[in-house]
Structures are given as C-alpha cells and as structure tokens.
Amino acid sequence: MSRYGRNAYETLKTNKLAPKKRFGQNFLVHRQTAEAIVRAGGVTAEDIILEVGVGLGALTLPLAIVAKHVYGYEIDSGIIRFHQEQDDLPDNVTLVHQDILKADFQEIAGRCGGKLKILANLPYSISNPFIFTLIDNADVIDTATVMLQKEVAERLVAQPKSKEYGVPTILLASCASVKKVMTLKPSEFHPKPKVDSVVVTIDFGTRAELPDDVKQYNYQIFKRIVKATFNQRRKTIQNTLSGAGLFGTAISSDKRRNKEYTMQTIERAGLQPNARPETLAFTEVIMLAAEVEMTRTA
C-alpha cells in the first residue's frame with residue numbers, strides 16, 4: 001500500500017494538498033483493507049486494471065503488485081502533480097488526469113485489449129452517475145469492485161417492496177449481478193466520512209434471469225418504463241405508463257386509446273393496473289417491456 005497510509009493528513013499538509021469536498025475525497029488509510037479490496041476484485045497477473053480515484057495510492061500500489069498494468073484515473077490535478085513529483089508509483093501504473101464521467105469507456109477497453117476490470121475507492125460525489133455510466137457501458141465491462149456510501153450500495157442490492165428499490169436496482173439487474181463484499185467504518189478513511197462505506201462487486205458476466213417466455217426485449221423501452229414508473233413511484237403503473245408516451249404520438253395523444261392500450265398491456269403482462277412500481281420484480285418489468293413492444297409493432 002501507499003507508504004503514506006495513516007500519515008495521510010501530514011502528507012497532504014506537507015504537500016499543500018487538502019481533501020476537496022467537490023470531489024468527495026476520502027483517502028483510504030489501512031493497508032489490510034486496501035489489500036482485501038484488491039483480493040475481492042479477483043485481480044490476476046494478466047489483468048489490466050482501470051482504477052478510479054487514485055488519491056495517495058492506497059489501492060494503486062497493491063493493485064500494481066498483482067496486476068499487469070493499472071490505468072489510474074484521477075480528476076485532482078494536485079494529486080497528479082504530487083505523484084509526478086514524488087515519482088512514487090511503479091512503472092506499470094499510468095496516471096490519467098481526467099474526469100471518469102467524461103471518459104470514453106469504449107476507447108479505454110480498446111486500449112486495455114478487452115473487457116474492463118474496474119476497482120475504485122469511488123468519490124461519493126459521483127457514486128450515482130458512475131453507476132449509470134457502468135450500466136451504459138455494460139458491454140465492455142467484466143467486473144467492477146467499487147466502494148460506495150452505504151445507502152447507495154443498499155439501493156443496488158435492494159429487493160421489491162423496499163424504499164431502496166428503484167431505478168439503479170432494476171437497470172443494473174438487467175446487465176449484471178451485485179454482491180456486497182465488506183462494510184468499512186469511517187475510521188478507515190481520512191477525512192472520516194459521516195457514514196459507513198460498502199464495497200460491492202458488480203459482475204457484468206451474469207444478470208437476473210429473464211422470464212421463461214421472454215428470450216429478448218427492447219432495452220430502450222425497458223429503460224423508459226423503469227424511469228417513467230420509478231420516478232413517480234407513488235403513482236400506480238397504470239397512471240405512469242399512460243403518461244409515458246410508449247405507444248407513439250398518434251395513440252398517446254388520444255386519451256381513450258392510450259388508456260385502452262395501457263390497460264391491455266398491463267393485463268397481458270399479468271399485472272394489476274393499481275400496482276405500484278416498488279412492488280414489481282425485475283421479471284415483471286421485463287414482461288411489461290415485452291408487451292409494450294408487441295403492442296407497438298402490432
């Protein structure tokens with residue numbers, strides 16, 4: 001691990017650096033924890049790793065010991081300058097000064113020669129948009145082992161009928177499986193966050209099972225249904241789907257036909273019109289998407 005470890009405060013102060021709130025920086029300070037995260041990521045000697053949030057190198061160095069190469073993405077120019085001046089990272093680490101949310105994952109995957117394996121002590125300020133970025137780039141990602149604030153992690157593994165169950169839960173289930181690995185207390189970081197952190201591994205090689213009679217579905221329709229329903233989760237699915245414009249302009253502009261098409265779609269999916277989004281299992285949302293597509297193409 002980084003030799004700075006427990007001396008993170010002094011290292012930052014000496015080098016005229018400070019944790020930036022706008023970047024959500026909390027530096028990992030315990031070597032054993034960093035090594036456990038690397039093990040959880042299943043890193044091997046053949047892997048080229050995409051690390052998000054290099055910081056003082058707490059994860060970077062144990063990653064570099066195991067992996068073939070590490071591309072460390074870091075938004076903080078002060079941190080980039082610090083590592084360049086200290087020359088403290090191994091030769092198999094390439095620092096990239098860029099906002100990961102603006103990075104081209106397709107290009108990174110091409111550079112790495114295959115699907116990405118990602119590890120991240122993720123800045124809390126980008127947790128939600130980063131998860132959606134992973135979902136949008138699922139086709140070029142193998143696994144992502146990510147440290148998140150506890151409430152975000154709980155959303156990713158939530159079950160129906162819970163308040164945590166929502167858009168990221170459903171969309172992620174369509175392309176990956178999520179497993180909680182460990183919970184970290186605030187004392188693991190400098191500065192100490194106000195909440196516990198949770199490390200999760202997101203495996204894009206597996207996903208929730210599709211319903212038996214659905215072999216494939218239109219992902220864009222599925223995504224529209226998820227966002228339309230869960231962004232108005234207090235309304236019934238009849239009301240949210242009626243207002244989502246799923247059946248084209250001609251039908252959607254005709255209130256009677258729109259309501260009729262919506263009711264027929266819900267019934268064919270085997271659901272109740274007065275059901276609320278948080279009660280729907282992943283398979284039921286898929287059935288809705290399949291029935292909407294069938295109605296649109298009929």
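**Pockets, turns and two free cysteines**

Gln25 counts as buried, at 10% relative accessibility. I start there, and I should say at once that this is a predicted model.

Where does Gln25 sit in the chain? It is in the loop between helix H1, residues 8-14, and strand E1. Its side chain has a polar partner: the side chain of Asp76, at 3.0 Å.

Stay with Asp76 for a moment. A side-chain oxygen of Asp76 also comes within 2.8 Å of the backbone nitrogen of Gly78, at the start of helix H4. So please look at Asp76 from both sides: Gln25 through a side-chain contact, and the start of H4 through the Gly78 nitrogen.

H4 itself covers residues 77-86. Which of its residues are buried? They are Gly78, Ile79, Ile80, Phe82 and His83. Keep the helix geometry in mind: an α-helix has 3.6 residues a turn, so residues three or four places apart point the same way. Now read the buried list again with that spacing: Gly78 and Phe82 are on it, and Ile79 and His83 are too.

What follows H4? Asp87 does, and its phi is positive, near 50 degrees. I will come back to that residue.

Next, the largest pocket. Its volume is about 390 Å³. It has 31 lining residues, and those nearest its centre are Phe23, Gly53, Glu74, Asn121 and Pro123. Which elements give two or more residues to this lining? Three strands do: E1 (27-28), E2 (48-52) and E3 (69-74). By class, the lining splits into 17 nonpolar, 10 polar and four charged residues.

Two of those strands are partners. E2 and E3 pair in the parallel sense, over five bridges. One place to look is Ile49, whose bridge partner in E3 is Val70. How well covered is E2? Mostly: four of its five residues are buried.

On to the second largest pocket. Its volume is about 240 Å³. The lining has 17 residues, with Leu156, Ala158, Gln159, Thr169 and Ala173 nearest the centre. Helix H8 (167-173) and strand E7 (177-184) each supply at least two of the lining residues. Which element gives the most? H8 does, with four residues. The class split here is 13 nonpolar, three polar and one charged.

Now the cysteines. How many disulfides are there? Zero. Cys112 is in none; the nearest cysteine sulfur belongs to Cys175, 19 Å away. Why no bond? Because a disulfide needs the two sulfurs within 2.5 Å, and at 19 Å the sulfurs of Cys175 and Cys112 are too far apart for one. Are these cysteines buried or exposed? Cys112 is buried, at 13% relative accessibility. Cys175 is buried as well, with a relative accessible area of 15%.

Then the backbone exceptions. The background: most residues other than glycine have a negative phi, and most peptide bonds are trans.

Back to Asp87. It is not a glycine, yet its phi is positive, near 50 degrees. It lies in the loop between H4 and strand E4, residues 93-97. Buried or exposed? Exposed, with a relative accessible area of 65%.

Lys161 is another case. Its phi is positive, about 75 degrees, and it is not a glycine either. It belongs to the loop between helix H7 (150-156) and H8. H8 is the helix we just met at the second largest pocket. Lys161 counts as exposed, at 69% relative accessibility.

And where is there a cis peptide bond? From His190 to Pro191, with omega near -10 degrees. Pro191 is in the loop between strand E8 (189-190) and strand E9 (197-203).

One last stop, Asn239. It lies in helix H10, residues 237-242. At 47% relative accessibility it counts as partly exposed; the exposed class starts over 50%. How far is Asn239 from Thr262? In sequence, 23 residues; in space, 8.9 Å from C-alpha to C-alpha.

That is the tour. If you open one view afterwards, make it Asp76, with Gln25 at 3.0 Å and the Gly78 nitrogen within 2.8 Å.

Technical notes: Residues numbered from 1 in each chain as written. Predicted model: local features only at pLDDT ≥ 70, side-chain atom pairs only at ≥ 80, totals over all residues. Heavy atoms only, no water. 1 Å grid on protein atoms, 1.4 Å probe; cavity = no way out; pocket = protein on both sides within 12 Å on 5 of 7 lines; lining within 4 Å. Points joined across faces, edges and corners; volume = space filled by probe spheres on them. Nonpolar A, V, L, I, M, F, W, Y, C, P; charged D, E, K, R; others polar. Buried < 20%, exposed > 50% of the residue type's maximum accessible area, 1.4 Å probe, protein only. Polar contact = N/O pair within 3.5 Å; in protein donor to acceptor, adjacent residues only side chain to side chain. Pairing = 2+ DSSP bridges.
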